[in-house]
Amino acid sequence: MSHSLHTVFLAAASAIPVLVAASSPCTAKENYFSPAQALVRRVTPEYADKVTFRQNKKLQQPTIGKKKNKLVITARNVKEAIRAYGYYLRKEANVHFSWNGDNKSAAQFKLPKKTITVPKALEFNYAYNYCTLSYTSTHWDKERWEQELDRLALAGYTHVLVTAGLELVWQHFLADIGYPEDKIAAYIPNPAYAAWWNMGNLEGEGGPVNQVIIIHEAELGKFLVRRMRQLGMEPVLQGYVGFLPHDMPTDKIKGKIIPQGKWCGHYNRPAIIQPTAEDFPRLAALWYKHLKRVYGYQGKFFGGDLFHEGGNPGGTPYTPAAKAVQTAMLKASPSSSWLIQAWGHNPHKDLVAGTDPKHTIILALDKDMTPNHNISRNYQGRPHVWCELLNFGGNQGMYGGVQLLENMKDNAGGAIGIGLISEGLETNPYYYALLTERINTRKLIDPQAFIEEFTYARYGVKDTDITRAWSLLRESVYAPVRLQEGCQESILCARPSLTANKASTWSKPNDYYDRAKVAEAAQLMLKAGQKHKLNRLRTYRNDMADICRQVLADRARTQLPKVKAAYDARNIADFEIESETYLQLIRDTAAVLATSEDFLLGRFLKGAESKGCKNQAARGQMRKAMLQLITTWTPTHGMLNDYAHRQLSELMSLYYLKRWEAFFNVKKAELKGEKLEGEGGQSATQTTENNGEAVSTSYELSKSVDAVEQGFRNAKLKLLTKPVGDVIAETARILNHK
């Protein structure tokens, strides 16, 4: 690395202040709860002078009481005090927070008539999959992250994954072991792709990353660690499991370096130095040194997985490898714990056997949302956290194992806690509100009572049409009957084919619910919105647009077969009518989504670009990377195409609509006997493995569709950052047009 660049990022890192251990009590006792008091000012400023906190270290469950005209929360520590305030806001004050809008229209500050004892929460409640931090939060700025951490603390989360800043850790680490500057730049990916880098799946995608972005991420990471500890939560940092660049010169490392091959047929995976190798302890010590340097905190909990998603152990014996990884971890931080993801075939039983049960926690990722699913786990006596995996890639679709959460008992199948692991979190507020309820109660949850509580807080009105609507959704689209990979995907987002039944390679085209119930729920929500003028609320705009979007996605599944029937009959007139009807479903989806701030591509990209600060080149990098991630995923078409598809207004109108228009033009030309260059009606199939099961997707090869896909990430697009139109008017037009 050149002296100048090395100096730049060393200086930038040292300029970020070292953190104080915020989890320790303040020297002045009256200031011990100042982080909790500051949170009250941020989330409910109108209550700032009405809430006070007291400490009782022996108190196992917080209490909510009153003294004169003040609400008094008594708890043993800051974490429990904040959780108790979250309980008060949800259960007593009707204040609603979500990723898809907050609402205080029904809020009422009231002092309890008698002291309330807050139910016990689960012990260890964990937030984020690595993928969440690319798919969900790449467009979050510091202010948005501040809101996120406040809400996690209020909901009872105790441990949160932090990866922002690892770019700078890697720069320090690789420079120290003599890896060249240009190769370091080629190794570090854009934050949009950092999740798969941190899991050992790829290198460098979306790079070389502008140093402005790298410094921004390091500053953000320091802020996240500091704020989490102030709120009583523990950051989970990245441990060292042996990753090295795939082309690391062997003369710089003492020990066996194991190539990991390709991931998803396209990406070079980082290599792994055998953890039992002579040089592993030295490398691990360097890693933890630079981790502390960047974050200002050594850390007590570390993530990191060996041989994730098809990694090659290269003859490495798992048990001694795990011992070596954990020995280095404990040397750097003697009381630390290793958090290992259980996903697919990992972790190998022999790897688990090599870990210390007192310093290991297994994150049991679980995508089975069916109501009778057995969630019990046994990891050789190692404690585990049950982790919901509701969403993949940030796809929009109403979905979730609602009945599973309602009836979960026995400490979540023997788990010490619950994990929020979905890849895309800015969806399905009903499910995630229910997840918060599950974290904070050991009782069975009454479905109707919860719906009434949820809808009153979310919309500020008590209305039987609304509760009936959500009851219909609960028993239909929120009631999966078999194992599947997230929501039923909208075929409007599928790569065009007359037989399209899903968008991504990994999903299943399950048709598991009564579409008529979703349509009825939409009508009921519309009626309530008209009656109470709910379009003034962001929460209603989000939900009404989302339910209408679901109705349109459902209609597409009956409309596309009509297009195919007209094509098969060689009837050009009918084909034009039926294909135009299908295209109108996409236009209508774009129009109704434009009425909600939560479904705007422009708003999404604006946030991602902010990581580049005022540097236009850096902002452009972020924009291009995010557009690629949510469309083709890789630079060229492959099995990951449409994996992270989003139903955002401008994506519908400027991307999916254009793909289907191009495709239908080709099919119409075929009906007329015309031959278009590069269009031959040939099909292609992508096949891969998903947790031991073969999955595939098929589409028609099309030069015209390829052109839409490849041109999109660099296109000059007219995008929305604020809603356009009225959700009630648009929904009424769409629902009343059959």
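A cavity, as the term is used here, is a set of grid points where a 1.4 Å probe fits but cannot get out, and its lining residues have an atom within 4 Å of such a point. The model described in this report is predicted.

**Overall form**

The protein chain contains 25 helices and 19 strands. A compact globule of 738 residues would have a radius of gyration near 27 Å, and the 26 Å of the protein chain agrees with this. Along the principal axes, the C-alpha atoms fill a box of roughly 80 × 75 × 50 Å. Of the 738 residues, 62% count as buried. Among contacts between residues at least 6 apart in sequence, 76% join residues at least 24 apart.

**Internal cavities**

Rolling a probe the size of a water molecule over the atoms shows where empty space is left. In this structure there are 8 cavities of 30 Å³ or more. The two largest are set side by side below.

| Cavity | Volume | Nonpolar lining | Polar lining | Charged lining |
|---|---|---|---|---|
| Largest | about 500 Å³ | 15 residues | 4 residues | 6 residues |
| Second largest | about 160 Å³ | 11 residues | 5 residues | 3 residues |

The largest cavity is lined by 25 residues, and those closest to its centre are Arg90, Phe97, Ser98, Ala433 and Thr436. Four helices, α3 (78–91), α5 (142–155), α15 (429–439) and α16 (447–459), each supply at least two residues of this lining. The largest share, 6 residues, comes from α5.

For the second largest cavity, the lining consists of 19 residues, and Leu133, Ser137, Thr163, Ala164 and Glu217 lie nearest the centre. Here α4 (132–135), α8 (194–198) and α9 (211–230) each contribute at least two lining residues.

**Two covered helices**

Helix α17 spans residues 464–474, and 9 of its 11 residues are buried, so this helix is largely enclosed by the rest of the structure. Its buried residues are Asp465, Ile466, Thr467, Ala469, Trp470, Ser471, Leu472, Leu473 and Arg474. The elements that cover them include α13 (402–406), α15, α16, α18 (515–532) and α19 (538–568). Two of these covering helices, α15 and α16, also supply residues to the lining of the largest cavity.

Helix α6, residues 166–176, is likewise mostly covered, with 10 of its 11 residues buried. The buried positions are Leu166, Glu167, Leu168, Val169, Trp170, Gln171, His172, Phe173, Leu174 and Ala175. After α6 comes glycine 178, which has a positive phi near 85°.

**A small open sheet**

Three strands form an open sheet in the order β8-β12-β9, with antiparallel pairing. Strands β8 (243–244) and β9 (257–258) are the edge strands, each of which pairs on one side only. Between β8 and β12 (residues 271–273), which run antiparallel, there are 2 bridges. Within this pairing, phenylalanine 243 stands opposite isoleucine 272 of β12.

How values were computed. Residues numbered from 1 in each chain as written. Predicted model: local features only at pLDDT ≥ 70, side-chain atom pairs only at ≥ 80, totals over all residues. Heavy atoms only, no water. 1 Å grid on protein atoms, 1.4 Å probe; cavity = no way out; pocket = protein on both sides within 12 Å on 5 of 7 lines; lining within 4 Å. Points joined across faces, edges and corners; volume = space filled by probe spheres on them. Nonpolar A, V, L, I, M, F, W, Y, C, P; charged D, E, K, R; others polar. Pairing = 2+ DSSP bridges. Rg over C-alpha atoms; globule rule 2.2 N^0.38 Å. Buried < 20%, exposed > 50% of the residue type's maximum accessible area, 1.4 Å probe, protein only. Contact = heavy atoms within 4.5 Å.
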